[in-house]
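Student: I have a structure open and would like a close look at one part of it. Could you take me through that part slowly, residue by residue?

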Amino acid sequence: MRKLYIVAMTVALLLLSGCEKRFETSIDLGMNTKRVNITADAQEFWVSVFSDGEWTVSDGLQDDAWIVSDTRSGSGNGAVHFVCSENDGEDARYVRCDVTGGSKGRTVSLWLVQAGTKEKASDVELDI
């Protein structure tokens, strides 16, 4: 009886492994997050971009002197590099960064929220 059970389980495993289908997806444009909460300290970080074509980072980001990106564009999958200065104010601050491109010309938004000395970044409510 035990041999029959082992044979049946082996056959079942072979049948299941033969039915394996690879999962594939195509993303025209996306990022690994919609929001980044940043501490009040000066720092740098990267956000991943997934794309099936060329993409650009919005120019409006450079208007906010507290955070800048030296990554202006890319092609395919890549990353956007951000550098932010210290926030010594009490209130948190935030800015929206748009990335546009991919095969469908979509725009995806990323909110960058930096904590203040009294307000946490996670306390800021945004309409994402």
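Student: How many salt bridges does a search of the whole structure find? Please go through each of the pairs, and then show me what surrounds strand 4.

Tutor: Happy to. Keep in mind that this is a predicted model. A search of the whole structure finds three salt bridges.

Let's begin with Asp28 and Arg106, whose closest N and O atoms are 3.0 Å apart. This pair links distant parts of the chain, 78 residues apart. Asp28 sits in the loop between helix 1 (2–18) and strand 1 (29–31), while Arg106 belongs to strand 9 (residues 106–114). Asp28 counts as buried because its relative accessibility is 11%, under the 20% cut-off. Arg106, at 35% relative accessibility, counts as partly exposed.

Next come Lys118 and Glu90, whose side chains meet in a salt bridge at 3.9 Å, N to O. Lys118 lies in the segment after strand 9 and Glu90 in the loop between strand 7 (78–84) and strand 8, so the pair ties together parts that are 28 residues apart in sequence. With 65% relative accessibility, Lys118 counts as exposed. Glu90 is partly exposed, its relative accessible area being 47%.

The remaining pair is Asp98 with Arg96, where the closest N and O atoms are 3.0 Å apart. Here Asp98 counts as buried at 15% relative accessibility, whereas Arg96 is partly exposed with a relative accessible area of 43%. As a general point, side chains of opposite charge can pair when their charged atoms come close.

Now for strand 4, which covers residues 54–57. In a regular strand the side chains alternate between the two faces of the sheet. You can follow that pattern here: Trp55 and Val57 point to one face and are buried. Glu54 and Thr56 point to the other face and are not buried.

Strand 4 has pairing partners to look at as well. One of them is strand 6 (residues 73–75), which pairs with strand 4 in the antiparallel sense over three bridges. Another is strand 8 (residues 93–101), also antiparallel to strand 4 and joined to it by three bridges. Thr56 is a handy residue to center your view on: its bridge partner in strand 6 is Ser73, and in strand 8 Thr100 stands opposite Thr56.

How values were computed. Residues numbered from 1 in each chain as written. Predicted model: local features only at pLDDT ≥ 70, side-chain atom pairs only at ≥ 80, totals over all residues. Heavy atoms only, no water. Buried < 20%, exposed > 50% of the residue type's maximum accessible area, 1.4 Å probe, protein only. Helix = DSSP H or I, 4+ residues; strand = E, 2+ residues; numbered from the N terminus. Pairing = 2+ DSSP bridges. Salt bridge = Lys/Arg side-chain N within 4 Å of Asp/Glu carboxyl O.
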